[in-house]
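Please open the model in your viewer and keep the sequence beside it. The stops below go from the whole chain to a single residue.

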Amino acid sequence: MSERAAPFHCPYCGDEDLRPSTEGGHGSWECGSCRRAFQLKFLGLLSGSSTTSGGPSDDHRD
């Protein structure tokens, strides 16, 4: 099994200056560029029938 994946870009500013956070616990990262801290968390696997995109439904008719 391989090691856990690390984020490549800050989700807020897009910079690559990331380092593990010592204060936030497991999965916490700090961005040296925008000085924000964030946490990554695996929520689970989506079912095969899930088609949600987060946007408006394609079935909407006027």
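**From the whole chain to one serine**

Begin with the whole chain in cartoon view, where the elements, followed from the N terminus, run β-β-β; this is a predicted model, and its secondary structure comes to zero helices and three strands. If you switch to a surface, the protein exposes about 5900 Å², of which carbon and sulfur atoms supply 49%, while 15% of its 62 residues count as buried. Among the contacts with a separation of 6 or more, 13% are made by residues that lie 24 or more positions apart.

Next, select the three strands together: they form an open sheet in the order β1-β2-β3, with antiparallel pairing. At its edges are β1 (18–20) and β3 (37–39), each of which pairs on one side only, and neighbouring strands of the sheet are turned by 30° against each other on average, direction ignored.

Now narrow the selection to β1 and to β2, residues 28–31, which run antiparallel and are joined by three bridges. Within this pair, show P20, which stands opposite W29 of β2.

Finally, select S28, which also has its place in strand β2. Is S28 buried or exposed? With a relative accessible area of 7%, S28 falls under the 20% cut-off and therefore counts as buried. Display its side chain and look towards G24, whose backbone oxygen the side chain of S28 reaches at 2.9 Å. To see what else surrounds this serine, add P20, S21, F38 and Q39, with which S28 is in contact once its neighbours within four places in sequence are left aside.

Notes: Residues are numbered from 1 along each chain as its sequence is written. This is a predicted model: local features need pLDDT of at least 70, side-chain atom pairs count only at pLDDT 80 or more; totals for chains, interfaces and linings use all residues. Side-chain values use heavy atoms; hydrogens and water are left out. Two strands pair if DSSP finds at least two bridges between them. Helices (H or I, at least four residues) and strands (E, at least two) are DSSP runs, numbered from the N terminus. Axes are lines fitted to C-alpha atoms, for helices over the stretch in contact, and angles run from 0 to 180 degrees between N-to-C directions. Buried means under 20% relative accessible area, exposed over 50%, partly exposed in between (1.4 Å probe, protein chains only). A polar contact is a pair of N or O atoms within 3.5 Å; within protein, one must be able to donate a hydrogen and the other to accept it, and residues adjacent in sequence count only if both atoms are side-chain atoms. Contact means heavy atoms within 4.5 Å. Accessible areas come from the Shrake-Rupley method with a 1.4 Å probe; for residues, only the protein chains shown count as cover.
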